[in-house]
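User: Please take a close look at the salt bridges in this model and at the parts of the fold that surround them. I work with side-chain geometry every day, so cut-offs are welcome.

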Amino acid sequence: MAAAPGLSLTAATQRAVTHWPKGRLLAASLGLRARREALSSSPEAGEGQIRLTDSCVQRLLEITEGSEFLRLQVEGGGCSGFQYKFSLDTVINPDDRVFEQGGARVVVDSDSLAFVKGAQVDFSQELIRSSFQVLNNPQAQQGCSCGSSFSVKL
């Protein structure tokens, strides 16, 4: 983004970013957030954020009731070293981060967030299976062919 004459890149970015999509956690400082977005190739997948695809939001709205949400955890195991675990839950713990978009919520504990920050959660429906998946995980070096497990970038 080119800055307008007399404005720094940060000020120009702050002026351009006036609407925050629901489902994004705001950083403590707009200036810090604007700099982070200006440097990011994908502003929607900012540092420490989880994005939800439209199909994920739609499916969560269909299957959750009341205070239910989708919990995403990362556990040791799988053919690549770590695996994603999805479950429906109703309890938010003190170390959880909540990502909400369009009324659908995905909750990730702080330990797991380190392994999936910047990723996207999707719902995929195929002939042989339907499942939630983690896509475009910048923390993953490689994954298995089914997409359930991954190895971490060092």
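Analyst: Happy to help; the salt bridges come first, followed by the strands, helices and core around them.

This is a predicted model, in which local features need pLDDT of at least 70 and side-chain atom pairs count only at pLDDT 80 or more, while totals for chains, interfaces and linings use all residues. Residues are numbered from 1 along each chain as its sequence is written, and side-chain values use heavy atoms, with hydrogens and water left out.

A little background helps. Side chains of opposite charge can pair when their charged atoms come close. A salt bridge here is a side-chain nitrogen of Lys or Arg within 4 Å of a carboxyl oxygen of Asp or Glu. By this rule the model has four salt bridges.

Let's start with Arg71. Its salt bridge with Asp89 has its closest N and O atoms 2.7 Å apart. Arg71 belongs to strand S2 (residues 69–76) and Asp89 to strand S3 (residues 82–89), so this pair ties together parts that are 18 residues apart in sequence. Helices (H or I, at least four residues) and strands (E, at least two) are DSSP runs, numbered from the N terminus. A second salt bridge joins Arg71 to Asp96, at 2.9 Å from N to O. Asp96 sits in strand S4 (residues 96–101) and Arg71 in S2, so here the parts tied together are 25 residues apart in sequence. Taken together, Arg71, Asp89 and Asp96 form a linked network of salt bridges.

How open to the surface is this network? Buried means under 20% relative accessible area, exposed over 50%, and partly exposed in between (1.4 Å probe, protein chains only). Arg71 is buried, at a relative accessible area of 4%, and Asp96 is buried too. Asp89, with 22%, is partly exposed.

Another salt bridge pairs Glu75 with Lys85, whose closest N and O atoms are 3.7 Å apart. Glu75 is in S2 and Lys85 in S3, 10 residues apart, and the pair links distant parts of the chain. Both ends are partly exposed: Glu75 has a relative accessibility of 31%, and Lys85 has 36%.

Now for what lies around Arg71. Its C-alpha atom is 5.7 Å from that of Val106, a residue 35 places away along the chain. Val106 lies in strand S5 and is buried, with a relative accessible area of 0%. Counting a contact as heavy atoms within 4.5 Å, and leaving out residues up to four places away in sequence, Val106 touches Leu52, Leu60, Leu70, Leu72, Arg97, Val98 and Phe99.

Leu72 leads us on to the nonpolar core. In soluble globular proteins, nonpolar side chains tend to be buried together. A nonpolar core is a set of buried Ala, Val, Leu, Ile, Met, Phe, Trp, Tyr and Cys residues joined through side-chain atoms within 4.5 Å. The largest such core has 20 residues, and Ile50, Leu72, Val108 and Val116 have the most contacts inside it. At least two residues each come from helix H3 (54–63), S2, strand S5 (104–109), helix H4 (110–116), strand S6 (120–125) and S7. Apart from neighbours within four places in sequence, Val116 contacts Gln49, Ile50, Leu72, Val74, Tyr84, Val108, Asn137 and Gln139.

H3 deserves a look as well. Cys56, Val57 and Leu60 are buried in this helix. The elements covering the buried residues of H3 include S1, S2, S4, S5, S6 and S7. Some of these strands make up an open sheet of three strands, with the order S1-S6-S7 and mixed pairing; two strands pair if DSSP finds at least two bridges between them. S1 and S6 run parallel and are joined by two bridges, and Leu52 stands opposite Val121 in S6.

To put the salt bridges in the wider setting, the protein chain has four helices and nine strands. Of its 154 residues, 34% count as buried. Among contacts between residues at least 6 apart in sequence, 48% join residues at least 24 apart.
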